[in-house]
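Reader: Please take me through one part of this model at close range. I would like to see how the helices sit on the sheet, and what lies between them.

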Amino acid sequence: MPRFSLPAKTAHPFPLALATLTLAATLAPVPTYAAAPTGNWLQLSTTTGDSHASSTRGTLLQCPPTSQGHHPRAAEACAQLTAADGRIRRIGEVPPQDIPCDLDYTHVTAQALGQWNGHPVRYRETFANQCEMYARTGAVFALDNQAPRTPGHQGAALGA
C-alpha cells in the first residue's frame, strides 16, 4: 500500500508581510491639510453629462479672493455673489439676464457647499446646458474660464 506523507511545515510569508505593513503604517507620517476656509467661501463643482458618461470639475472660491482659492474668475464671481447676498439663484435676476443659448442639451449639474455671511450655503441645480448655467449663475460656476463675460452681470466690469 502506497504511503503518502505531508510536506514538512515551512514558514508562511503572509504573517511576516502583514507585520511589516502594520509597522510601516504606524510609522508613516500623518498628512497635514490646509486649514478650513474662513469668511465667505464656496466649494464648487460642475458635472457635465449623465450617469453613462460624465465629467466633473471643482474648485474653491473664497471671497474676497485669496491665494488659497483657484477660481479663474474669483473677483467677478465674488462681486456677483455680493450683489445677490450670497444667493446663487438670485444672480441671474440681479439684473435679469438675457443671454441667447443654443439648443445643445448636454445637461450640467452645478453644486455649491460653503458659507456666506455666517450662513450655510447649499446649492444644487441641473441645467439644460452650460450656456443656461452661465446665464443663471454668472461667473460663479465658470470653472474653466470659458464662460461668456456678459455686461449685464454685476461685477463683469471688474475685468476679472
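Author: In this predicted model, helix H3 lies across strands E1, E3 and E4. The helix runs at about 145° to E4. H3 covers residues 130-137. Its buried residues are Cys131, Met133, Tyr134, Ala135 and Thr137. They pack against strand E1 (40-49), helix H2, strand E3 (108-116) and strand E4 (119-127).

Look at the two ends of H3. At its start, a side-chain oxygen of Asn129 comes to within 3.2 Å of the backbone nitrogen of Cys131. After the helix comes Gly138, with a positive phi near 60°.

Now the sheet below. It is open, with four strands in the order E2-E1-E3-E4 and antiparallel pairing. E2 and E4 are the edge strands, each pairing on one side only. From one strand to the next, the twist averages 10°.

The other helix on the sheet is H2. It packs there with contacts to E1, E2 and E3. Its direction makes about 75° with that of E2.

Next, the strand pairings. E1 and E3 run antiparallel and are joined by eight bridges. Within that pair, Gln43 stands opposite Leu113 of E3. Thr46 has Ala110 in E3 as its bridge partner. E3 and E4 also run antiparallel, joined by nine bridges. Here Leu113 has Arg122 in E4 as its bridge partner. Leu113 thus links two pairings: Gln43 stands opposite it, and Arg122 is its bridge partner in E4.

E3 and E4 form a hairpin with two residues between the strands. In that hairpin, Asn117 takes a positive phi near 50°. The backbone nitrogen of Asn117 lies 2.5 Å from a polar atom of the Asn40 side chain. Asn40 is in strand E1. It counts as buried, at 15% relative accessibility. Beyond its neighbours within four places in sequence, Asn40 is in contact with Leu61, Gln62, Cys63, Gln115, Trp116 and Asn117.

Trp41 is also in strand E1. Is it buried or exposed? Trp41 counts as buried, because its relative accessibility is 19% and the cut-off is under 20%. Setting aside residues up to four places away in sequence, Trp41 touches Leu60, Leu61, Gln62, Leu113, Gly114 and Gln115. Pro64 is 23 residues from Trp41 along the chain. Their C-alpha atoms are separated by 8.7 Å.

Back to H2. Ala74, Glu76, Ala77, Cys78, Gln80 and Leu81 are buried in this helix. The buried residues of H2 pack against E1, E2, E3 and H3. The packing between the helices therefore appears from both sides: the buried residues of H3 pack against H2 among other elements, and those of H2 pack against H3. Just after H2, Asp85 takes a positive phi of about 55°.

Take Leu81 in H2. Leaving out residues up to four places away in sequence, Leu81 touches Leu42, Leu61, Gly86, Ile88, Ile91, Trp116 and Val140.

That brings us to the core. Nonpolar side chains in soluble globular proteins tend to be buried together. In this model, the largest nonpolar core has 25 residues. Those with the most contacts inside it are Leu44, Leu61, Leu81 and Phe141. The elements that give two or more residues to this core are E1, E2, H2, E3, E4 and H3. Leu61 recurs here: Asn40 is in contact with it, and Trp41 and Leu81 touch it.

One covalent link remains. A search of the whole structure finds one disulfide. Cys63 and Cys78 form it, with their sulfur atoms 2.0 Å apart. The torsion about the S-S bond is about -85°, so the disulfide is left-handed. Cys63 lies in strand E2 (residues 54-63) and Cys78 in helix H2 (residues 74-83), so the pair ties together parts that are 15 residues apart in sequence. Both ends are buried: Cys63 has a relative accessible area of 8%, and Cys78 has a relative accessibility of 6%.

To pull the pieces together: H2 touches E1, E2 and E3, while H3 lies across E1, E3 and E4. H2 also has a covalent tie to E2, through Cys78 and Cys63.

Terms used:
Residues numbered from 1 in each chain as written. Predicted model: local features only at pLDDT ≥ 70, side-chain atom pairs only at ≥ 80, totals over all residues. Heavy atoms only, no water. Disulfide = S-S within 2.5 Å. Buried < 20%, exposed > 50% of the residue type's maximum accessible area, 1.4 Å probe, protein only. Contact = heavy atoms within 4.5 Å. Polar contact = N/O pair within 3.5 Å; in protein donor to acceptor, adjacent residues only side chain to side chain. Core = buried A, V, L, I, M, F, W, Y, C linked by side-chain atoms within 4.5 Å. Pairing = 2+ DSSP bridges. Axes fitted to C-alpha atoms, helices over the stretch in contact; angles between N-to-C directions.
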